[in-house]
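Biologist: I am new to this protein and should like to understand the terms used to describe it. May I put some questions to you?

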Amino acid sequence: MTKIAVTGAGGQIGNLLVPRLVAGAFDVTLIGDDPGSLSHNFHPVPSMTYRRFFQTECQFDVLFHLAGANGSPESMSNSSRSFDIDRVMQVARHAKAIGV
């Protein structure tokens, strides 16, 4: 079974994608800041924090990295933009390190 990790599941694309992946019988894990909220919204799909994702040798075949900034770019401070870009790069580097 194909193991898929999804960041940004709570966003517009994630809300459409996750139910389809689950219906397609994929082994889906959600990654986010608030796994409790993800588990509530997508029960019974398992979830984990970014910290756990970065600290473990998770085995996934596919990563859908949909997480991005919440709100419009105009409303974000420079520090928020920097954080989001840093997280995108962090996820990409970790995915590469674990062979995803």
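**Terms and the reasons for them**

Modeller: Let us begin with P44, which is located in the loop between α2 (35-41) and β3 (47-49). Please bear in mind that this is a predicted model.

Biologist: What kind of peptide bond joins H43 and P44?

Modeller: The bond between H43 and P44 is a cis peptide bond, with omega at about 5 degrees.

Biologist: How is the chain as a whole arranged along the sequence?

Modeller: The order of elements is β-α-β-α-β-α-β-α, and the chain has 4 helices and 4 strands. Of its 100 residues, 31% are buried.

Biologist: Why is T29 called buried?

Modeller: The relative accessibility of T29 is 10%. Buried means under 20% relative accessible area, and T29 therefore counts as buried. This residue belongs to strand β2 (residues 27-32).

Biologist: Which residues does T29 touch, leaving aside those up to four places away in sequence?

Modeller: T29 touches I4, A5 and V6, as well as P46, S47, M48 and F60. A contact here requires heavy atoms within 4.5 Å.

Biologist: Why is A25 called partly exposed?

Modeller: A25 has a relative accessible area of 47%. Buried would require under 20% and exposed over 50%, while partly exposed lies in between; A25 is therefore partly exposed. It is placed in the loop between α1 (12-23) and β2.

Biologist: What is notable about the phi of A25?

Modeller: The phi of A25 is positive, about 65 degrees, although A25 is not a glycine.

Biologist: What makes the nonpolar surface patch, and what is its area?

Modeller: The residues I85, V88 and M89 make this patch, which covers about 250 Å². M89 is situated in helix α4 (residues 78-97).

Biologist: How do you know that M89 has enough accessible area to belong to a patch?

Modeller: Residues in a patch have over 30% relative accessible area. The value for M89 is 40%, so M89 passes that cut-off. With that value M89 is also described as partly exposed.

Biologist: How much surface does the chain expose, and what share do carbon and sulfur atoms supply?

Modeller: The chain exposes about 6,300 Å², and carbon and sulfur atoms supply 54% of that area.

Biologist: Among contacts between residues at least 6 apart in sequence, what share joins residues at least 24 apart?

Modeller: That share is 55% in this chain.

Definitions and conventions:
Residues numbered from 1 in each chain as written. Predicted model: local features only at pLDDT ≥ 70, side-chain atom pairs only at ≥ 80, totals over all residues. Heavy atoms only, no water. Patch = residues over 30% accessible without salt bridge, like charges linked within 9 Å, V, L, I, M, F, W, Y side chains within 5 Å. Areas by Shrake-Rupley, 256 points an atom, 1.4 Å probe, with all protein chains shown as cover. Salt bridge = Lys/Arg side-chain N within 4 Å of Asp/Glu carboxyl O. Helix = DSSP H or I, 4+ residues; strand = E, 2+ residues; numbered from the N terminus. Buried < 20%, exposed > 50% of the residue type's maximum accessible area, 1.4 Å probe, protein only.
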